[in-house]
Amino acid sequence: MIIGIVVALPEELGTLTSKNIEKGRCVFISDKVLVAYSGAGPANAQTAAELLVSRGATRLISWGCAAALDTSLKPGDLTLADSLIDANQIRMDIASGWHSHARDILSTHATVHTGCLAESHQIVSSGKDKKQLHAQTGAIVLDMESVAIAKIARQHTLPFLAIRAIVDPVNMNLPRAINRSLNDQGDVVLSKLLIFLALHPLELPGLIKLGLHFNAAKNKLKLVAQQLDIISSFGQSSIIAQSLHE
């Protein structure tokens with residue numbers, strides 16, 4: 001039984017392994033854990049999930065950081081979604097025996113926040129927009145990749161988890177430098193970032209604050225990564241019986 005994990009960013013990849021994985025490729029980081037570095041966004045995540053399945057993954061995990069939509073969530077908080085809502089407002093229930101097993105394991109090491117995860121096809125920068133999404137969907141957390149990965153899991157009748165740590169709280173407006181520094185693939189281009197900062201030095205404090213939040217999220221993911229072997233030990237027959245396809 002192989003767990004396939006999709007990560008969108010190199011910093012998220014670093015919470016799982018020190019191995020160098022090229023974007024769009026996947027590598028075994030242990031006998032039973034196969035990791036794909038997808039790049040940001042749902043299209044990249046879908047491609048990476050399909051790659052993992054083609055390489056033998058029998059369970060899929062969406063792994064990384066997320067934005068909070070609920071005011072109770074702080075940077076570094078751990079979320080384990082029990083349902084998803086896509087950009088077209090279609091809901092998916094992902095509760096399963098494996099989800100319960102993972103929640104029980106992780107709750108012995110950290111507070112686990114469960115609830116709905118919403119999909120966005122682009123970065124949601126403003127606190128106002130995040131609050132509006134919460135009001136519309138009831139979701140507590142937001143990312144760009146989990147729903148796309150879950151849809152591939154459902155297509156192949158595979159169990160799925162979305163393990164995400166909070167970076168930006170709902171009331172935080174992301175620095176404009178983030179959106180201004182992205183390329184067409186959703187990656188931050190350092191040269192663009194530095195030029196924007198040179199022209200807008202008042203953005204620097206916001207970036208430093210975001211960096212501290214990002215470190216809190218990465219530290220929580222590293223803690224969770226230590227439990228992956230136990231999480232993967234859940235019996236295959238129980239997982240299939242309670243899989244997404246039910």
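1. Helices (H or I, at least four residues) and strands (E, at least two) are DSSP runs, numbered from the N terminus. By that count the chain has 10 helices and 11 strands. Its radius of gyration, taken over C-alpha atoms, is 17 Å; the globule rule (2.2 Å times the number of residues to the power 0.38) gives 18 Å for 246 residues, so the chain is as compact as a globular protein of that length.

2. A word on the basis. This is a predicted model: local features need pLDDT of at least 70, side-chain atom pairs count only at pLDDT 80 or more, and totals for chains, interfaces and linings use all residues. Residues are numbered from 1 along each chain as its sequence is written, and side-chain values use heavy atoms, with hydrogens and water left out.

3. How much of the chain is buried (under 20% relative accessible area, 1.4 Å probe, protein chains only)? The share is 55% of the 246 residues. Look at contacts too (heavy atoms within 4.5 Å). Of those between residues at least 6 apart in sequence, 77% join residues at least 24 apart.

4. Now take helix 4, residues 127-137. Its buried residues are Gly127, Lys130, Leu133 and Thr137. Seen down the helix axis, they fall within an arc of 120 degrees (from the directions from the axis to the C-beta atoms), so they line one face. An α-helix has 3.6 residues a turn, so residues three or four places apart point the same way.

5. What do the buried residues of helix 4 pack against? Their partners are strand 4 (59-68), strand 6, strand 7, strand 9 (116-119), strand 10 (141-143) and strand 11. The face turned away carries Lys128 and Ala135, both exposed (over 50% relative accessible area). Just after helix 4, Gly138 takes a positive phi of about 75 degrees.

6. Two residues other than glycine deserve a look for their positive phi. Thr157 has phi near 55 degrees. Thr157 is in the loop between helix 5 (146-155) and strand 11 (160-168). With a relative accessible area of 33%, Thr157 is partly exposed (between the buried and exposed cut-offs).

7. Gln89 is the other case, with phi near 70 degrees. Its place is the loop between strand 6 (83-85) and strand 7 (91-93). Gln89 is partly exposed as well, at 43% relative accessible area.

8. Finally, Leu212. Its place is in helix 8, residues 204-225. Is Leu212 buried or exposed? Leu212 counts as exposed because its relative accessibility is 56%.
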